Amino acid sequence: MSLRILNAEPHHYSKRAHQILSEIGTVTDKPLTQEQLADEIQHCDVLIVRLGLRVTSEIINRGKKLKFILSATTGLDHIDLECARKNNVKVISLKGEYAFLDSIPSTAEHTWALLLALMRNLPSAVNSVQQGNWDRDQFKGNNLSGKRLGIIGLGRVGKQVAHFAKAFKCEVGSYDPYQNRWLDFVQQFSSLKELVRWAEIVTLHIPYSIETHHFIGKELLSSFNKGSILINTSRGGVWDESEVSALVKSGYLTGVATDVLEFELEDTKRPSSPLLKLMASNQNVLITPHIAGATFESMELTEIFIAQKLKTSINVS
């Protein structure tokens, strides 16, 4: 079987993965906008995306020849999975690939990069030096050693974050009712409220779904300790940005750092994000453009893994 493979987000795509794909079809590397994708999808058997494009029902329905969607991600909220299923389009991703994903540390590392940046006022300090200042007293930070770190979701990333926390000599606790492999140094909490009432720092590592939409909302946020720090490297839809922003404005939350926004892929909605607006005037809000998993090493490994999964799937069928 020779497949027509469209890589719609080919920037820095793995050469080795490209080679594997070339063994089973003709690969076209063509960076596309959302609008252009709707036209190009009609001609391909396989579509490769990252997180810059949304594979909507409209896209899938137009892809009359489409057989596979490849996404080297664990989260799949950028793909209409139900529409793909109805159209017999197989989605190949990293979801559920636990053994492989244990070797990928990038999201956990980025979580700590954001946390350290908040705790030590790094962005503001760097900006001040760039402006010609040298005022060390203005940017005193806080130690991590001895702090209580609460992890919501003790899956693959949550466990990696916990190990880093142990290295920083934090007290570590977690809430995860679906986890049956607990770490012996992590305190287990039976409810979310108990966890956030205990923690000084809270990090989110849960997938996005209908059930987790605005999971971190007004009621739960009211149980946070005054002065807490909140980090999100999962998905923007798992918290209520308006409620989080209100608590930062009031000073109830000391700081918030996120790698995700709820409408990050929608150019018309993203500028209205309350957190994005708040960042312009508040040094205690840090936002990065969904880059937690975007390291050269991790993307290389995951793209090769996904390409090999497609090749295996083709051979089996």
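**Briefing: cysteines, fold and surface**

Cys83 is buried (under 20% relative accessible area with a 1.4 Å probe, protein chains only; exposed is over 50%, partly exposed in between), at a relative accessible area of 8%. This is a predicted model, in which local features need pLDDT of at least 70 and side-chain atom pairs count only at pLDDT 80 or more, while totals for chains, interfaces and linings use all residues. Residues are numbered from 1 along each chain as its sequence is written, and side-chain values use heavy atoms, leaving out hydrogens and water.

**Cysteines**
- The structure has zero disulfides, a disulfide being a pair of cysteine sulfur atoms within 2.5 Å.
- For Cys83, the closest cysteine sulfur is that of Cys44, and at 14 Å it is too far for a bond.
- Cys170 also counts as buried, with 11% relative accessibility.

**Fold and dimensions**
- The protein contains 13 helices and twelve strands, which are DSSP runs (helices H or I, at least four residues; strands E, at least two).
- Its radius of gyration is 21 Å, in agreement with the value near 20 Å for a compact globule of 317 residues; the radius is taken over C-alpha atoms, and the globule rule is 2.2 Å times the number of residues to the power 0.38.
- Along the principal axes, the C-alpha atoms fill a box of roughly 65 × 45 × 35 Å.

**Packing and surface**
- Of the 317 residues, 49% are buried.
- Among contacts (heavy atoms within 4.5 Å) with a separation of 6 or more, 61% join residues 24 or more positions apart.
- The protein exposes about 16,100 Å², of which carbon and sulfur atoms supply 51%, by the Shrake-Rupley method with a 1.4 Å probe.
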